[in-house]
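Let's take a walk through this model together, pocket by pocket and ring by ring. Have the structure open as you read.

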Amino acid sequence: MEWPRTVDDAVAMQERLRTQVITTSAPDLRIDTVAGLDVGYRGNDAVAGVCVVFDAKALVVLDEVVVEDTTDFQYIAGLFAFREMPVLLRALDRVTVAPDLLVADGQGLAHPRRFGLACHLGVHTGIPSIGVAKNAMGAFDPPGHARGSMSDLSMDGEVVGRALRTQDGVKPVFVSVGHKIDLDRACAEVLRLAPRYRLPETTRRADTLTKQAASSAGS
DNA sequence: GCGACAG
DNA sequence: ATCTTGTCGC
């Protein structure tokens with residue numbers, strides 16, 4: 001199918017692809033490299049997509065790619081992926097180090113139709129993925145104050161993710177499965193990626209590059 | 001009907 | 001997301 005241009009087509013695509021999401025980890029799932037994906041905006045249609053690949057253990061950058069593009073799809077909560085995916089896929093294509101895990105800046109299963117950006121990226125590429133959002137779409141009880149504390153994130157009476165405290169006393173991040181990984185493993189990876197700050201290093205680096213590109217658009 | 005609503 | 005300086009605090 002070609003990329004949707006209308007809300008109805010986009011929703012239909014999500015309903016169709018949601019059935020392909022896998023919420024368990026392969027027994028031999030090894031995560032040595034992790035990709036952080038993010039998009040920055042300049043005006044309403046200019047976008048800069050970034051894909052940064054980190055060594056999951058050493059937390060050092062192995063490769064990073066910035067791609068500039070434009071978008072037709074306006075921002076609509078729930079249809080976020082249709083605005084950001086095209087650029088992100090282009091950036092992901094140009095990276096020279098294959099990532100074992102994709103970390104999306106947004107939701108995975110914690111989505112109205114259980115198919116957020118992280119799920120879409122995962123199903124499309126076949127690469128394990130997770131969503132790490134700064135804001136929740138569902139309901140949750142505040143997790144404990146200490147780093148590593150977590151609580152269920154629910155929507156329509158079902159657990160769709162977790163509110164995870166990555167640093168003592170900071171606002172939690174919202175983790176949900178994207179594809180080919182289980183929620184426990186997803187949270188463990190986020191904690192490993194965020195040893196010092198609230199957000200994973202992958203997200204922080206991608207975000208920096210994203211704004212850097214957006215502010216120097218045209219040079 | 002009214003408000004809320006990832007980035 | 002974006003428009004935007006200084007400032008409070010560890």
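A good place to begin is the second largest pocket, whose lining divides by class into six nonpolar, two polar and four charged residues. Keep in mind that the model is predicted. This pocket has a volume of about 220 Å³. Which residues line the second largest pocket? They are Trp3, Pro4, Arg5, Asp69, Thr70, Thr71, Asp72, Phe73, Phe82, Arg83, Pro86 and Val87. Two elements, β3 (61-70) and α2, each supply at least two residues of this lining, and α2 gives the most, with four residues.

Now look at the aromatic residues in that list. Ring pairs link Trp3, Phe73 and Phe82 into a cluster, and these three residues also belong to the lining of the second largest pocket. The structure as a whole holds four aromatic pairs. In one of them, the ring centres of Trp3 and Phe82 are 5.3 Å apart and the planes meet at 50°, so the pair is tilted; a stacked pair would need planes under 30 degrees apart, and an edge-to-face pair over 60. Trp3 sits in the segment before α1 (7-17), while Phe82 is in helix α2, so their pairing ties together parts that are 79 residues apart in sequence. Are the two partners buried or exposed? Trp3 is partly exposed, at 29% relative accessibility, whereas Phe82 is buried, with a relative accessible area of 1%.

Another of the aromatic pairs joins Tyr75 and Phe80 in an edge-to-face arrangement, with 5.9 Å from centre to centre and 80° between the planes. Phe80 has a relative accessibility of 21% and counts as partly exposed, because the buried class ends at 20%.

Tyr75 and Phe80 also lead us to the largest pocket, which encloses about 540 Å³ of space. Its lining has 30 residues, and the closest to the pocket centre are Tyr75, Phe80, Asp105, Gly106 and Lys134. At least two lining residues come from each of β1 (33-42), α2 (81-94) and α5 (201-215). Which element supplies the largest share of this lining? That is α5, with six residues. Sorted by class, the lining has 13 nonpolar, ten polar and seven charged residues. Helix α2 therefore appears in the linings of both pockets, as one of the elements that supply at least two residues to each.

One last stop involves a charge and a ring: Arg204 lies over the face of Tyr197, at 3.7 Å from the ring centre.

Methods. Residues are numbered from 1 along each chain as its sequence is written. Chains are lettered from A and ligands numbered from 1 in the order in which they are written. This is a predicted model: local features need pLDDT of at least 70, side-chain atom pairs count only at pLDDT 80 or more; totals for chains, interfaces and linings use all residues. Side-chain values use heavy atoms; hydrogens and water are left out. On a 1 Å grid over the protein atoms alone, a cavity is a set of points where a 1.4 Å probe fits but cannot get out, and a pocket is an open set with protein on both sides within 12 Å along at least five of seven lines; lining residues have an atom within 4 Å of a point. Grid points are joined across faces, edges and corners, and a volume is the space filled by probe spheres set on the points. Ala, Val, Leu, Ile, Met, Phe, Trp, Tyr, Cys and Pro count as nonpolar, Asp, Glu, Lys and Arg as charged, and the others, Gly among them, as polar. Rings of Phe, Tyr and Trp (its six-membered ring) pair if their centres lie within 6.5 Å; planes under 30 degrees apart count as stacked, over 60 as edge-to-face and the rest as tilted. Buried means under 20% relative accessible area, exposed over 50%, partly exposed in between (1.4 Å probe, protein chains only). A charge sits over a ring if NZ of Lys or CZ of Arg is within 6 Å of the ring centre and within 35 degrees of the ring normal.
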